[in-house]
Amino acid sequence: MSTNSLGFVRTELLAPRPAPAGERSAFGWIRGNLFATPKDTALTILAIALLVWTVPDMLNWLFFDAVWSGSDRTACLTLAQGGVQPDGWSGACWAFVSERFEQFMFGRYPIDERWRPTLVAVLFAAVLAPMLMPRLPYKGWNALVLFVIFPIVAFFLLHGGVFGLQRVETPLWGGLMVTLILSFVGIAVSLPIGILLALGRRSHLPVIRVICVTFIEVIRGVPLITVLFMANVMLPLFLPTGWTIDNFLRALVGVALFASAYMAEVVRGGLQAIPKGQYEGADSLGLTYWQKTRLIIMPQALKLVIPGIVNTFIGLFKDTSLVSIIGMFDLLGIVQLNFTDTRWITPITPSTGLIFAGFIFWLFCFGMSRYSAFMERHLDTGHKR
């Protein structure tokens with residue numbers, strides 16, 4: 001008697017087969033992403049035509065026809081305007097940016113002392129880089145150095161007056177240095193204060209909840225320029241006679257408090273997105289309120305609102321330009337201030353300077369957005385395939 005085994009049910013999975021050649025090639029990607037439908041084809045052709053029409057002239061103005069060296073305005077003027085360029089010439093005046101580059105970076109900081117902000121920038125990069133790398137250990141010590149020790153060292157280096165360093169008052173600070181200081185302080189202060197405000201707004205204690213809600217709604221209800229104006233004009237009226245507060249310190253406090261109110265609402269959105277079961281599970285383990293918040297609730301909430309947090313940071317970085325209301329000149333302010341320099345007054349000097357400032361702002365903002373996307377992918381552990 002023979003037994004006939006019929007293989008109607010496969011016992012082993014087929015090995016994965018390679019994708020079709022047309023899908024793996026560059027041609028396949030182009031066809032699938034740019035010419036998949038008639039609508040996509042029309043939009044792609046329109047975009048290509050727009051690029052062909054605009055990009056060559058843009059590149060010519062920015063690079064090929066631009067002036068890269070010169071000592072004064074004549075390098076960026078035509079013969080009819082009293083310069084050296086042929087009539088009909090048009091291009092960027094990068095000679096202006098090159099001539100004023102150090103001033104754009106440091107403002108009116110004394111030339112002989114500019115090694116100090118340069119050293120601070122190097123130290124900042126050295127302590128920030130390990131903090132941004134998730135796999136490196138000792139994050140607690142790294143955070144202590146970055147947010148506690150480094151600001152103290154940076155203050156004494158920049159302000160001076162100790163260890164034989166020349167005192168440099170804050171009205172002489174300016175340029176990208178001021179932009180980065182305001183941004184770093186605003187970011188470092190707004191996140192922890194915003195977390196506390198968000199927790200206070202959700203508190204069951206009426207007094208704490210009312211205080212937090214009042215602070216958040218009042219600050220969010222006015223523009224930053226109003227906060228800076230109040231700090232600069234109204235604050236001295238409430239101080240005792242003879243007391244004064246440095247203008248730059250007023251800007252730091254105003255920017256930090258303003259960003260904290262917005263950060264509080266971002267964090268509160270993350271707290272509201274946490275399922276109720278997470279709170280109940282933490283309570284069932286016998287954790288205290290602060291243990292539950294620190295170990296279970298807050299890490300999940302912050303992971304959910306990374307885009308909102310970074311968006312607030314980017315907005316804060318760009319809003320630093322408003323400190324010109326109190327007599328401080330950040331990168332954009334110092335660039336605009338140089339437009340009135342008689343040595344460089346030309347029709348294209350303002351546009352070149354603004355393009356330079358815009359590129360620097362874009363560079364930092366784009367970097368923050370890319371790091372935000374990286375952190376989202378790194379922390380996205382909920383749906384591993």
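Here's a quick rundown of the domains, one pocket and one helix pair in this structure. Keep in mind that the model is predicted. The chain splits into domain 1, covering 25-64, and domain 2, covering 94-379. Helix α8 turns up twice below: it helps line the second largest pocket, and it also packs against α14.

**Domains**
- Measured out by C-alpha centres, domain 1 and domain 2 sit 38 Å apart.

**The second largest pocket**
- Its volume comes to about 330 Å³.
- The second largest pocket has 15 lining residues, and those nearest its centre are L199, R202, S203, H204 and Y289.
- Three elements each give two or more residues to this lining: α8 (176-201), α9 (206-220) and α13 (289-304).
- The largest share belongs to α13, with four residues.
- If you're thinking about chemistry, the lining breaks down into nine nonpolar, four polar and two charged residues.

**Where α8 meets α14**
- Two packed helices are described by the angle between their axes and the distance between those axes.
- For α8 and α14 (residues 306-319), the axes come within 9 Å and cross at roughly 145°.
- The crossing of α8 past α14 is right-handed.
- On the α8 side, the contact uses T179, L180, S183, G186, I187, S190 and L191.
- On the α14 side, the contact residues are I309, F313, L316 and F317.
- Sorted by class, the residues of this contact are seven nonpolar and four polar, with no charged ones.

Methods:
Residues numbered from 1 in each chain as written. Predicted model: local features only at pLDDT ≥ 70, side-chain atom pairs only at ≥ 80, totals over all residues. Heavy atoms only, no water. 1 Å grid on protein atoms, 1.4 Å probe; cavity = no way out; pocket = protein on both sides within 12 Å on 5 of 7 lines; lining within 4 Å. Points joined across faces, edges and corners; volume = space filled by probe spheres on them. Nonpolar A, V, L, I, M, F, W, Y, C, P; charged D, E, K, R; others polar. Axes fitted to C-alpha atoms, helices over the stretch in contact; angles between N-to-C directions. Left-handed = near helix turned anticlockwise from the far one by under 90°. Contact = heavy atoms within 4.5 Å. Domains from an automatic or database assignment.
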